[in-house]
Amino acid sequence: MTELNLLKIPSENEYLNCIRCGLCLAVCPTYREYLDETASPRGRVALARKGLEGELELSSNLIEQMYACFACMACNDACPVGIHPADLAIEMRFVQEQIKPAAWKEKLFGGLIGRPAKMELATLPLRIYEAIGLRKLVYALAIRRLFSSQLRDMEAMLPHQPTRPLRQVLPLETKAVGETRYRVGFFLGCAQSLMFSEESAATVRVLARNGCTIITPKETVCCGMPAAGYGRQDLVEKHAKQNIALFEKVDVDTIITDCATCGSKLKEYGEILAHVPDWAERSAAFSTKVQDISQFLMSIPLEKPTGRIDARVTYHDPCHLKRAQGIWKEPRNLLKMIAGLEFIEMPESDWCCGSAGSQLITHYETSTRVMDRKVENIRSTRAEIVSSGCPGCQMQIASGIRRNNLAIEVVHPVQLLDRAYHNLEGDEWKKD
Amino acid sequence: MEKRLIAEFSEIVTTKGVLYSPEELAVYSYDGTFEEHRPDLVILPQSTEQVQKVVKIAARERIPVVTRGMASGLTAASVPFNGGIALSMTRMNKILEIDTNNAIAHVEAGVITADLQAAVEKQNLFYPPDPSSIRHSTIGGNIACNAGGPRCLKYGVTGDYVLGLTAVLADGQVIKTGGKVIKDVVGYDLTALLTGSEGTLAIITEALLRLIAKPKYQRTALVEFRDLNDAAQTVNQILAAGIVPATLELIDQTAISCIEAAMHLGLPLDMEAVLLIECDGSDLETVQREIDQIEVICQSCGADKVSIAKDENERTQLWKARRSVSPALARMSPNKLGEDITVPREAIPEAIRRLKKLSSEMDLPIVIFGHAGDGNLHPNILFDKRDPQQWARVEQTVAAEFQIALDLGGTLSGEHGVGILKRPYIQNALGKVSIDLQKGIKKTFDPLNILNPGKIFPDD
Ligand SMILES: Cc1cc2nc3c(=O)[nH]c(=O)nc-3n(C[C@H](O)[C@H](O)[C@H](O)COP(=O)(O)OP(=O)(O)OC[C@H]3O[C@@H](n4cnc5c(N)ncnc54)[C@H](O)[C@@H]3O)c2cc1C
Ligand code: SF4
Ligand code: SF4
């Protein structure tokens, strides 16, 4: 195992003290589906340790157990000893990439996701599919029934595609409605710009209405989460530096994101670059400015919406918001401000939805099993709307809802707030 | 394992139920201890019938079968030291029936105990046994170890709730013991014999469990003591006053600081011990009166402070804290070795005094917590296994801990069982007559010695 000496590998402190108590098994979504130790956090820690210590080969099967992890971090929270199995699984993916780099990852995460303009081009077919009404046609003719079930579930995951990415539409500066009380930066995430542009448009409207002048730098690159998930921690550092440098050029005290995943990664930059000369302070300064939209809105004197939305709503905690950022009260309080909304807490609201980025594509069976558990919990509340501030969760839950033939709307909390403001102005919100 | 056998087993439990990659074998090599040994094959059955077929082949081929629940065991009882089959019961996790008329649950052995509790509580019933590992151990494992927990003081241990079992014997025959009756004196009590048998006599596949009405009210107190001895005395004073709280847990200073480091609950760090006391019942007034009386007794015994949990949330936090004590100790040192000696309860203060003395003599920290109310203490030795000198002292200390228990009229283990770790001490505790008789029982059940071989009894 001498070659491992050359690599950046997890330190033994990260696994040595695992006493194998099994506490983490209780909270792990993959374990609870398969009831097999191989799919458990304790098992992943043991495999990482045995792989790093040379007792086992770093085989593709061993690394696969790391990819089968949803990175939901429930185990990190549960472990009384302070072991972070979720982090270890991600680091093991990086170990593998250092030994045997996969070329397609360089292309995808270095070449495509790292460059917004290219991403927009690559997703153009999707927007055309939507724009020319092909999607409706596909539904009408029930062509989806001809797809394999995986393709069908994946198709159902896609939100309505915007005609143009929000990045091309949003101005660099959006002026506050009335007097400017806060100057804030907005980190427009890839998924938000490309697929959930209506949501981020709502975010900007809500901010402006509450006295914010919003600066949206257009050259931001991916936050780095997908690259991290696929074991390219090196690219995460690269993305981080680009984004930090970009925001250093704009004069803002707060950097807002309405994507739970981006937020959790951006807040981590300080830690990721802490050991990199010249970047430690800059990254720390950046990360302390980052706030999730719900966190920010609940920290300012927010205009109370007087418009109503008459519906039952429930809320799903994105792992990247609750566990990664400790934010779970704020979005609930935000929803509770809206007149007419009847808030119902679902069972296991912080149990992973099974998205984990691209798990529906890479680990279809596990992902749908976890998804069905989530949908069952949502169904039990008899809610008409399920709200969650993470594009990954939203896509996953939307797909699960269709798969189970339910009619429940999936929206970002900020969108509901935006609607409530509009309803006040007599601009009746209609459910589509 | 030979290909033809793997194929044969796959036919019984499908290919998804048979695991044999090096990675899979590696993660079925351990339990909640630091012992490990790989099995040659892992099988995850889904019915009694499948278990039966698997055992028949194993008997034919003389392959050891080591039954495994969630491997939270603390004695390496489910570690397959002789290789063979690790038979994981986790996928037999159906709750077959909750019979509300008779207050009985019929479950498969792999049900996670907390899942069963949640299911019966929805029907306003109650399954009291509550090992701290309720969320990560199985009913089968609890029965096979006769697990206890904080609530045992008032409600008894797992065995007190087992009315009947379905089990597969070493030759593949199925036996049903007991039934849905509360009283049963026909023949030997095989249910009781299988309870606590650690997978050495039979493989438990289903159980009939007695339920009781769910106590409606709880009052939980956290009592702080400057002096550990006072805390120990208080336990006896409360019980002597004729009050039987549901739980009476003792946690010493080191343990408190470990929990605090893990959970940040604002527990007192300058106290030598705390008692966690809970009263429950279906009559609010009685429960309140009991906790009030307890408060008075505690104060007269030198308690520094008594705080009563204000709401369900505070109560849940306290219990979460209590459950995390044992694992949280791992924060303090690279290794820990916890025992669960039990003494008659009036001997608790003396046991604690002797353990403290032992700790200073051996120059090894011993953390003490446990179910003080029923005399069951968990002294945990903290050490670093990489230091060979320390390790030698640890082994001596463990032996001395057991001796303390025996000298005070107690026993080696109140709940965790013998497994492999307490094997060397069992002869001293039980004597030759008893051991020989028990070995005879094992031979009758398992003449080929294929069911969890090498556990409990020292080799001949
Ligand atoms: C943090 C922590 C706290 C704990 N707290 C307590 C506590 O408060 N009280 C307590 O009593 N114990 C406690 N334990 C010990 C342990 O959880 C119990 O012994 C539990 O009953 C083991 O259940 P399991 O499903 O994990 O069984 P395993 O560890 O998998 O197996 C234990 C033994 O049972 C046998 N077995 C398992 N299933 C079956 C079956 N279906 N048929 C036949 N034999 C079977 C195995 O062969 C083995 O001998 C704790 C452990 C930990 C790690
Ligand atoms: S990771 Fe933590 S919770 Fe899981 S088995 Fe290890 S010590 Fe226990
Ligand atoms: S991160 Fe989630 S899926 Fe991965 S091991 Fe931990 S609990 Fe399981």
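**A:Arg403 sits partly exposed in this predicted model, with a relative accessible area of 28%.** Its partner in this view, A:Asp372, is also partly exposed, at 25% relative accessibility. Here, buried means under 20% relative accessible area, exposed means over 50%, and partly exposed lies in between (1.4 Å probe, protein chains only). The two side chains meet in a salt bridge, with N and O 2.9 Å apart. The pair links distant parts of the chain: A:Arg403 belongs to helix H23 (residues 391-403) of chain A, A:Asp372 to helix H22 (residues 364-379), and 31 residues separate them. A salt bridge, in these legends, is a side-chain nitrogen of Lys or Arg within 4 Å of a carboxyl oxygen of Asp or Glu. Helices (H or I, at least four residues) and strands (E, at least two) are DSSP runs, numbered from the N terminus.

**How to read the labels and values.** Residues are numbered from 1 along each chain as its sequence is written, while chains are lettered from A and ligands numbered from 1 in the order in which they are written. As this is a predicted model, local features need pLDDT of at least 70, side-chain atom pairs count only at pLDDT 80 or more, and totals for chains, interfaces and linings use all residues; side-chain values use heavy atoms, with hydrogens and water left out.

**B:Arg354 and B:Glu350 pair up within one helix of chain B.** Both residues lie in helix H12 (residues 348-362), four residues apart, which is about one turn of the helix. Their salt bridge has its closest N and O atoms 2.9 Å apart. B:Arg354 is partly exposed at 32%, and B:Glu350 is partly exposed too, at 26%. In general, side chains of opposite charge can pair when their charged atoms come close.

**B:Asp459 and B:Arg423 form a salt bridge, 3.3 Å from N to O.** B:Asp459 lies in the segment after helix H15 (432-445) of chain B and B:Arg423 in helix H14 (residues 423-430), so the pair ties together parts that are 36 residues apart in sequence. Is B:Asp459 buried or exposed? With 60% relative accessibility, B:Asp459 counts as exposed, whereas B:Arg423, at 18%, counts as buried.

**Shared partners join five charged residues into one salt-bridge network: A:Arg20, A:Lys50, A:Glu55, B:Glu36 and B:Arg38.** Look here for the side chains of B:Arg38 and A:Glu55, which meet at 3.0 Å, N to O. Across the interface of chain B and chain A there are seven salt bridges. Over all chains, the structure holds 55.

**Chain A and chain B meet through 34 residues of chain A and 40 residues of chain B.** Contact means heavy atoms within 4.5 Å. About 2800 Å² is buried between the chains, and carbon and sulfur atoms give 52% of that area. Which three residues supply the most of what chain B buries against chain A? They are B:Glu23, B:Tyr30 and B:His136, which together supply 21%. Buried area is the accessible area (1.4 Å probe) that two parts lose on being put together, summed over both. The predictor gives the complex an ipTM of 0.93 and a pTM of 0.90. Chain B averages a pLDDT of 94, and 100% of its residues score at least 70; pLDDT is the predictor's confidence in each residue, from 0 to 100.

**Ligand 3 is surrounded by residues of chain A, including A:Cys28, A:Cys69, A:Cys72 and A:Cys75.** Also around the ligand are A:Pro29, A:Pro41, A:Phe70 and A:Met73, as well as A:Arg44, A:Ala71 and A:Ala86. A residue counts as near a molecule or strand if one of its heavy atoms lies within 4 Å of it. The shell has 10 nonpolar, no polar and one charged residues. For these classes, Ala, Val, Leu, Ile, Met, Phe, Trp, Tyr, Cys and Pro are nonpolar, Asp, Glu, Lys and Arg are charged, and the others, Gly among them, are polar.

**A:Leu35 has a positive phi, near 50°, in a residue other than glycine.** A:Leu35 lies in the loop between helix H1 (29-34) and helix H2 (41-53) of chain A, and at 10% relative accessibility it counts as buried.

**A:Arg382 has a positive phi of about 55°, although it is not a glycine.** The loop that holds A:Arg382 runs between H22 and strand S8 (385-387) of chain A. At 59% relative accessibility, A:Arg382 counts as exposed. For the setting, chain A has 24 helices and nine strands, and 60% of its 432 residues count as buried.
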